[in-house]
Amino acid sequence: MSGLGSPSIGHTVSSVEVMTPMPTVELDPPTISITFGVNDSPLAGKDGTHLTGGKIGDRLMAEAETNLAINVIPGLSESYEVQGRGELQLGILIENMRREGFELSVSPPKVMYKTENNVRLEPIEEVTIEVDEENVGVVMEALAHRKGEVVDVGAVPGDVGRIRMSLTCPSRGLVGYRSVFSSATRGTGFMHRAFLANVISIGLFASALPTFYRVVKRCDDSVEDVNPYYYLAMTFNCLLSVLFGLPFIHPGNFC
């Protein structure tokens with residue numbers, strides 16, 4: 001816009017008499033970050049025309065002006081940290097730059113942790129999945145290993161044989177899962193991710209406690225002689241194995 005220094009999406013343009021800006025749209029915060037840099041491999045300069053860090057930085061800054069879902073932070077040694085809302089979004093950006101003739105190096109994706117009141121928080125995402133009925137077991141098993149918690153499961157209205165699942169899963173558990181999901185469902189599945197909240201990381205290790213509560217309640221209501229404390233011992237065993245590397249209860253030594 002002529003006459004304005006740096007207009008951007010979300011800014012209010014009005015006459016000087018108007019002092020109240022229009023409300024902006026709240027976007028989900030970024031959950032994944034990747035570092036872009038100059039290609040310093042032995043094969044540098046053989047597959048691209050834009051090789052310098054300055055051109056890579058200008059391209060990323062231009063992308064940040066029109067794409068509000070990413071943040072670009074300049075780093076050291078002609079590197080740039082790009083923060084986005086998922087691997088797919090950043091993967092599309094990398095592929096577009098490659099087709100435009102850019103040659104660059106990228107780091108593995110990292111989950112963006114947040115600190116509030118000296119407490120480390122990590123992002124939790126809400127995942128909605130639609131798959132065929134025969135693929136439900138494979139998907140739920142894979143997400144269970146990634147700390148996923150099922151919230152709701154039901155049939156898709158008007159679509160026979162399709163199941164819709166709602167889950168909550170930490171962002172670090174979803175890194176690299178999209179390709180696994182596509183292979184498991186043979187390309188017939190649909191997955192949507194959205195930011196839900198930031199929670200304390202240690203709270204994820206307590207995901208087995210609701211299951212333990214249901215086991216204890218079922219044992220109280222049942223006439224069978226079932227000892228629920230085996231489940232409690234296994235929960236603490238897993239916790240200490242994660243925190244310290246060695247279990248304190250070995251097989252056959254429970255008393």
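Where is the place of Thr-24: in which segment of the chain? Thr-24 sits in the segment before β1. With a relative accessibility of 48%, Thr-24 counts as partly exposed. His-11 is 13 residues away from Thr-24 in sequence, and the C-alpha atoms of the two are 8.0 Å apart in space. With that starting point in hand, let us look at the whole chain and then walk through its parts. Please keep in mind that this is a predicted model.

**The chain as a whole**

The secondary structure comes to seven helices and 10 strands. The protein chain has 255 residues, and 27% of them count as buried. Its accessible surface is about 16,600 Å², with 58% of that belonging to carbon and sulfur atoms. Taking the contacts with a separation of 6 or more, 69% are between residues 24 or more positions apart.

**Two nonpolar cores**

In soluble globular proteins, nonpolar side chains tend to be buried together. Here, the largest nonpolar core has 15 residues. Those with the most contacts inside this core are Phe-36, Ile-56, Leu-60, Val-82, Leu-93, Met-97 and Leu-104. Two or more residues come from each of the elements β1, α1, β3 and α2. There is also a second, separate core of 14 residues, which includes Ile-129, Val-131, Tyr-177 and Met-191.

Phe-36 is a good place to enter the largest core. Its place is in strand β1, and it counts as buried because its relative accessibility is 0%. Leaving out residues up to four places away in sequence, Phe-36 touches Leu-60, Glu-78, Ser-79, Tyr-80, Val-82, Leu-93, Ile-94, Met-97, Leu-104, Ser-105 and Val-106. Gly-75 is 39 residues from Phe-36 along the chain, and their C-alpha atoms are separated by 9.3 Å.

Val-82 is another member of this core. With residues up to four places away in sequence again left out, the residues that Val-82 touches include Ile-32, Ser-33, Ile-34 and Phe-36. Leu-60, Ile-70, Asn-71 and Val-72 are also among the contacts of Val-82, as are Leu-90 and Leu-93.

**Helices α1 and α2**

How many residues does α1 have, and how far does it reach from its first C-alpha to its last? The helix has 14 residues and reaches 21 Å, close to the 20 Å expected at 1.5 Å a residue. Its buried residues are Gly-53, Ile-56, Gly-57, Arg-59, Leu-60 and Glu-63. Seen down the axis of α1, these fall within an arc of 160 degrees, so they line one face of the helix. The face turned away from the buried side carries the exposed residues Asp-58, Glu-65 and Thr-66. Among the elements that cover the buried residues of α1 are β1, β2, β3, α2 and β4.

Helix α2 covers residues 87–99. Its 13 residues should span 18 Å at 1.5 Å a residue, and its end C-alpha atoms are indeed 18 Å apart. Leu-90, Leu-93 and Met-97 are the buried residues of α2. Viewed down the helix axis, they lie within an arc of 55 degrees, so they line one face of α2. These buried residues pack against β1, α1, β3 and β4. After α2 comes Gly-101, whose phi is positive, near 100 degrees.

**Around Asp-132 and Asn-135**

Asp-132 lies in strand β7, which runs over residues 119–132. Why does Asp-132 count as buried? Its relative accessibility is 18%, and buried means under 20%, so Asp-132 falls on the buried side of the cut-off. The side chains of Asp-132 and Arg-162 are joined by a polar contact of 2.9 Å. Beyond residues up to four places away in sequence, Asp-132 touches Gly-161, Arg-162 and Thr-188.

Asn-135 is found in the loop between β7 and α3. This residue is buried, with a relative accessible area of 5%. Outside its neighbours within four places in sequence, Asn-135 is in contact with Ala-184, Thr-185, Arg-186 and Thr-188. Thr-188 is thus a contact of Asn-135 and also of Asp-132.

The table gathers the accessibility values.

| Residue | Relative accessibility | Class |
|---|---|---|
| Thr-24 | 48% | partly exposed |
| Phe-36 | 0% | buried |
| Asp-132 | 18% | buried |
| Asn-135 | 5% | buried |

Definitions and conventions:
Residues are numbered from 1 along each chain as its sequence is written. This is a predicted model: local features need pLDDT of at least 70, side-chain atom pairs count only at pLDDT 80 or more; totals for chains, interfaces and linings use all residues. Side-chain values use heavy atoms; hydrogens and water are left out. Helices (H or I, at least four residues) and strands (E, at least two) are DSSP runs, numbered from the N terminus. The expected span of a helix is 1.5 Å times one less than its number of residues. Buried means under 20% relative accessible area, exposed over 50%, partly exposed in between (1.4 Å probe, protein chains only). The arc is that of the directions from the helix axis to the C-beta atoms. Contact means heavy atoms within 4.5 Å. Accessible areas come from the Shrake-Rupley method with a 1.4 Å probe; for residues, only the protein chains shown count as cover. A nonpolar core is a set of buried Ala, Val, Leu, Ile, Met, Phe, Trp, Tyr and Cys residues joined through side-chain atoms within 4.5 Å. A polar contact is a pair of N or O atoms within 3.5 Å; within protein, one must be able to donate a hydrogen and the other to accept it, and residues adjacent in sequence count only if both atoms are side-chain atoms.
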